[in-house]
Amino acid sequence: MDQNNHINNELDDLAPNLSKFKKDMPYTVPDAYFDTFPMKIRERIAHMEAVPESRWYALWLPKYSYVAASICFLIITIGFLFLKNSGSHNITGTLVVKSAPNADYVIEHIDEELLIETSPSLPAKTPSKNKINLNSSKKTYAEEYLVETIDESTLTEEL
Amino acid sequence: MSDEEIIQQFRNQDTQSYAFNMLVRKYQQKLYWLLRRMVVDHDDADDLLQNVWIKVWQNLANFKAESQLYTWLYRISVNEALSHLDKKKKRFFLPLGDVEAELSNKIDTGNQISGNDLLLRLQKAILTLPEKQRIVFQLRYYEEMPYEEMSKVLDTSVGALKASYHHAAKKIEVLITRLD
């Protein structure tokens, strides 16, 4: 009681107009709210205890599942691309390996002369056609460049 | 039944539910109004009150009687309300003033609100106070809580609480006088 008087006197000194206000609240609650609330809490606790206690990953999962899913997707995508690229090398490698025993077989079992006889159209040494073309195109380009940029008279003098 | 008896009975497995029920019935209204004044909306206050009692259920067995039980209950409730308001600010990236404006708007438009104009204006004036000052004012003005108890609830010195209450009361006085 003394405490209440003390608080009221304190308010009288501090805020005389406020101290005249009734300490009523403008808020209301639904009918029988406080009668039913304890039951609501009991039910919630009973439900909480019926459900097995959440494990750490169950708590962690919803929060970070999007991040984890994104990381998995990235790893799978990168892995797929990596395998795709290296896979083409493997195919070539496999072909080489597979063809190697055949080549050995040919070398071991078929006579060289027979081979030459059965493939007369093959030249003894096959030069790379691409290389020639490349060189020739380079040469052509160099010639064109010289013709265009260097005066004919200068060329004659130099020669 | 005293708080000590309730705690004793709560620690006994056979009487735990009964003791908890007693405790809820004893303090539910006080805690509800504390929360309601802070968050204005009935549904929010109801959610927070449920959360408070869940925490009490989970931790009461470990309660050390270093402070009074009701101080502990108030402390849980204040923290729950503050974290609710904090989440609201973070969720909508709102500055503090906007949350208070939203709460003030709820006084005009919300459900379960009825009262004369003066009472509504007083509530709106209280909402203009900074968060901590508002809690101090409410605990002192409505709950008539001694500063020493309030110090334990808010973990703040008695001197700071007195200064905070004085500032708050003077601000409210100015606001309600201006409105008249």
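Which handedness, left or right, describes the crossing of helix 7 of chain B and helix 8 of chain B? In this predicted model, the crossing of these two helices is right-handed. A pair of packed helices can be described by the angle between their axes and by the distance that separates those axes. For helix 7 and helix 8 of chain B, the angle is about 140° and the axes lie 11 Å apart. The two helices of chain B are therefore oblique to each other, since angles have to be over 145 degrees to count as roughly antiparallel.

It helps to look at the residues that make this contact. Helix 7 of chain B contributes Lys132(B), Ile135(B), Val136(B), Leu139(B) and Arg140(B), while helix 8 of chain B brings in Tyr147(B), Met150(B), Val153(B) and Leu154(B). Sorted by character, the residues of this contact are seven nonpolar, no polar and two charged. The spacing along a helix is worth keeping in mind here: an α-helix has 3.6 residues a turn, so residues three or four places apart point the same way.

Helix 8 of chain B can then be considered on its own. This helix spans residues 147-154, and six of its eight residues are buried, so it is largely enclosed by the rest of the structure. The buried residues are Tyr147(B), Glu149(B), Met150(B), Ser151(B), Val153(B) and Leu154(B). Just after the helix comes Asp155(B), which takes a positive phi of about 55°. Asp155(B) is exposed, because its relative accessible area is 61% and the cut-off for exposed is over 50%.

Asp155(B) also has a charged partner. A salt bridge connects it with Arg75(B), and the closest N and O atoms are 3.9 Å apart. This pair links distant parts of the chain, as Asp155(B) sits in the loop between helix 8 and helix 9 of chain B, whereas Arg75(B) belongs to helix 4 (residues 69-92) of chain B, 80 residues apart. Arg75(B) counts as partly exposed, with a relative accessibility of 31%.

Over all chains, the structure holds nine salt bridges. One of them is formed by the side chains of Glu10(A) and Arg140(B), at 3.0 Å from N to O. Because Glu10(A) lies in helix 1 (residues 2-14) of chain A and Arg140(B) in helix 7 (residues 131-141) of chain B, the pair joins two chains. Are these two residues buried or exposed? Both Glu10(A) and Arg140(B) are buried. Arg140(B) also appears among the residues of helix 7 that touch helix 8 of chain B.

A further salt bridge brings together the side chains of Asp46(B) and Lys40(A), at 3.1 Å from N to O. Here Asp46(B) lies in helix 3 (residues 42-59) of chain B and Lys40(A) in helix 3 (residues 33-50) of chain A, so this pair joins two chains as well. Asp46(B) is buried, with a relative accessible area of 9%, whereas Lys40(A) is partly exposed at 31%.

These two helices also pack against each other. Helix 3 of chain A and helix 3 of chain B meet at an angle of about 55°, with their axes 10 Å apart, and they are therefore oblique to each other. Their crossing is right-handed. Residues in the contact include Phe37(A), Lys40(A) and Ile41(A) from chain A, and Asp46(B), Leu49(B) and Trp53(B) from chain B. The residues of this contact divide into nine nonpolar, four polar and four charged.

Key. Residues are numbered from 1 along each chain as its sequence is written. Chains are lettered from A and ligands numbered from 1 in the order in which they are written. This is a predicted model: local features need pLDDT of at least 70, side-chain atom pairs count only at pLDDT 80 or more; totals for chains, interfaces and linings use all residues. Side-chain values use heavy atoms; hydrogens and water are left out. Buried means under 20% relative accessible area, exposed over 50%, partly exposed in between (1.4 Å probe, protein chains only). Helices (H or I, at least four residues) and strands (E, at least two) are DSSP runs, numbered from the N terminus. A salt bridge is a side-chain nitrogen of Lys or Arg within 4 Å of a carboxyl oxygen of Asp or Glu. Axes are lines fitted to C-alpha atoms, for helices over the stretch in contact, and angles run from 0 to 180 degrees between N-to-C directions. Angles under 35 degrees count as roughly parallel, over 145 as roughly antiparallel, 65 to 115 as roughly perpendicular and the rest as oblique. A crossing is left-handed if the near helix is turned anticlockwise from the far one by less than a right angle, and right-handed if clockwise. Contact means heavy atoms within 4.5 Å. Ala, Val, Leu, Ile, Met, Phe, Trp, Tyr, Cys and Pro count as nonpolar, Asp, Glu, Lys and Arg as charged, and the others, Gly among them, as polar.
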